[in-house]
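Work through the exercises below with the model open beside you. Try each task before reading its solution.

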Amino acid sequence: MAGLYIHVPFCVKRCIYCDFYSNTDMGYKDDYLRAVLKEMEIRRDYFKGEEIKSVYFGGGTPSQLNARDLERLFDYMYNLFPFSSHPEITMEANPDDLSDAYIASLRTLPFNRISIGIQSFNDKQLAFLNRRHTATDAVRSVFRCKEAGLDNISIDLMYGLPGQLAGDWLHDIEKAIELEVAHLSAYHLTYEEGTPIYRMSREGNVKPVDDETSESFFRMLKDRLEKEGFLHYEISNFAKCTPFYPDGRISFHNASYWNGAYYMGIGPSAHSYDGDTRSWNVSSVSRYIEALNERSELPAESEQLDERTKYNDFVITRLRTRWGISLEELEKTFGKERKRWFMAKSEPFLCSKRLKNEDGFVKIQSDGLFVSDAIMRELMYV
């Protein structure tokens, strides 16, 4: 099974932390849509007949597209690509875009999951991040989706903000629990080069939180959500367990990335992976439009993945999840010698109980989660 990602690059304004490609000029929208349809047509055989099991509209801000725009995209993709019988179809949205009328329009389309970029329920923190919505908008957006019958709701939260106190973070966690969402993604604020917050940090205008505080916030999140029946299935992701979903309402699309499924990314800056090759489209709306609409050319670069890169990708993605690395799959894919090398490198972490070998699956344990990047670096084949 494969995944399809549609990158919608438009934003009303940029958040100070975001390094994803976006554009604030909606004047490009119609030409962008034509270019996306052209790219779909050019790449109609990318999956070689493999069925698509998930579609994810990400951004940018996909909720800047209206129902007619989205309907055009759905009509085209359903005519071009093979789909499984019940694909998971997700839209990312900003809370302030989710009016009753907009949600009603989404209900006429195949969306069955929505991911709301809330980030915080604190108005001061939202203003600092340059978000458009308020805490009240955030709460209302969740209730509106539920009232319209959209119950598979995920929300994003962010922690490790400058000046954020433990009480602030606990308030955000408790509010998410109170809203009874199906899924929660929580990300530590990062200072990516080229973003406004990176410049603010370099100029001394903001001070990143220390590692001890960051780890305490992470443990607070994990402990509180697990007590409320959330399954911590990936470092930053939690899925609510219910009688209907005893294994948690996991995001199939995101999980497929971590489990090595093939995916195709459509739109400017979108990435694709077919098991042997990784490719990425140009990060420019204007160049993307020009190449596709005027020359019917896909403006993309690609790299052939060697065995070392495939192995490193395998380690990094699998260890992020609660399922961990299957030693049987590792040996089958990369050979006995690479498996022996992996086990030798894992030994110090197994002894310190940051890793655990459980029935042939090597998994990161709670004490290793917050330093997982350091563990993964040690296990990579350089």
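Buried means under 20% relative accessible area, exposed means over 50%, and partly exposed lies in between (1.4 Å probe, protein chains only). Helices (H or I, at least four residues) and strands (E, at least two) are DSSP runs, numbered from the N terminus. This is a predicted model, in which local features need pLDDT of at least 70, side-chain atom pairs count only at pLDDT 80 or more, and totals for chains, interfaces and linings use all residues. Residues are numbered from 1 along each chain as its sequence is written, and side-chain values use heavy atoms, with hydrogens and water left out.

**Exercise 1. A helix and its cover**

Task: Find which residues of helix α15 (residues 372-379) are buried.

Solution.
- Start with the list: S372, I375, M376 and L379 are buried in α15.
- Next, look down the axis of α15. The buried residues fall within an arc of 100°, so they line one face of the helix. The arc is that of the directions from the helix axis to the C-beta atoms.
- Last, find the cover. For the buried residues of α15 it includes α11 (307-319), α13 (336-351), β14 (355-358), β15 (361-364) and α14 (366-369).

**Exercise 2. An enclosed strand**

Task: Describe the surroundings of strand β4 (residues 113-119).

Solution.
- Count first. Seven of the seven residues of β4 are buried, so the strand is largely enclosed by the rest of the structure.
- Now sort by direction. R113, S115, G117 and Q119 point one way from β4, while I114, I116 and I118 point the other way.
- Then find the partners. Two strands pair if DSSP finds at least two bridges between them. β4 pairs with β3 (residues 83-93) in the parallel sense, over four bridges. Here T90 stands opposite R113.
- β4 is also joined to β5 (residues 153-159) by four bridges, and these two run parallel. Q119 has L157 of β5 as its bridge partner.

**Exercise 3. A strand with little cover**

Task: How many of the five residues of strand β12 (residues 300-304) are buried?

Solution.
- The count is zero, and β12 is hardly covered.
- Check its pairing. β11 (residues 277-281) and β12 pair in the antiparallel sense over five bridges.
- Pick one pair: W280 has E301 in β12 as its bridge partner.

**Exercise 4. A three-stranded sheet**

Task: Which strands are the edge strands of the sheet that holds β13 and β14?

Solution.
- Read the order: the open sheet runs β13-β15-β14, with antiparallel pairing.
- The edge strands are β13 (325-326) and β14, since each pairs on one side only.
- β13 and β15 share two bridges. S326 is matched there with F361 of β15.

**Exercise 5. The whole protein and its cores**

Task: Describe the overall build, then locate the nonpolar cores.

Solution.
- Count the elements: the protein has 15 helices and 15 strands. Its radius of gyration is 21 Å, close to the 21 Å that the globule rule gives for 382 residues, so the protein is as compact as a globular protein of that length. The radius is taken over C-alpha atoms, and the rule is 2.2 Å times the number of residues to the power 0.38.
- Buried residues make up 50% of the 382 residues.
- Define a nonpolar core: a set of buried Ala, Val, Leu, Ile, Met, Phe, Trp, Tyr and Cys residues joined through side-chain atoms within 4.5 Å.
- In the largest core, of 88 residues, F57, M77 and I155 touch the most other members. Helix α1 (residues 29-42) gives the most to this core, with six residues.
- A second, separate core has nine residues, including I16, Y17, L189 and V206.

**Exercise 6. Unusual backbone**

Task: Where do S269 and K353 lie, and is each buried or exposed?

Solution.
- Recall the background. Most residues other than glycine have a negative phi, and most peptide bonds are trans.
- S269 has a positive phi of about 75°. S269 lies in the loop between β9 (262-266) and β10 (271-273). At 12% relative accessibility, S269 counts as buried.
- K353 has a phi near 70°. The loop between α13 and β14 holds K353, and K353 is exposed, with a relative accessible area of 61%.
- Finish with a peptide bond. G59 and G60 are joined by a cis peptide bond, with omega about 15°. G60 sits in the loop between β2 (52-59) and α2 (67-80).

Definitions and conventions. Contact means heavy atoms within 4.5 Å.
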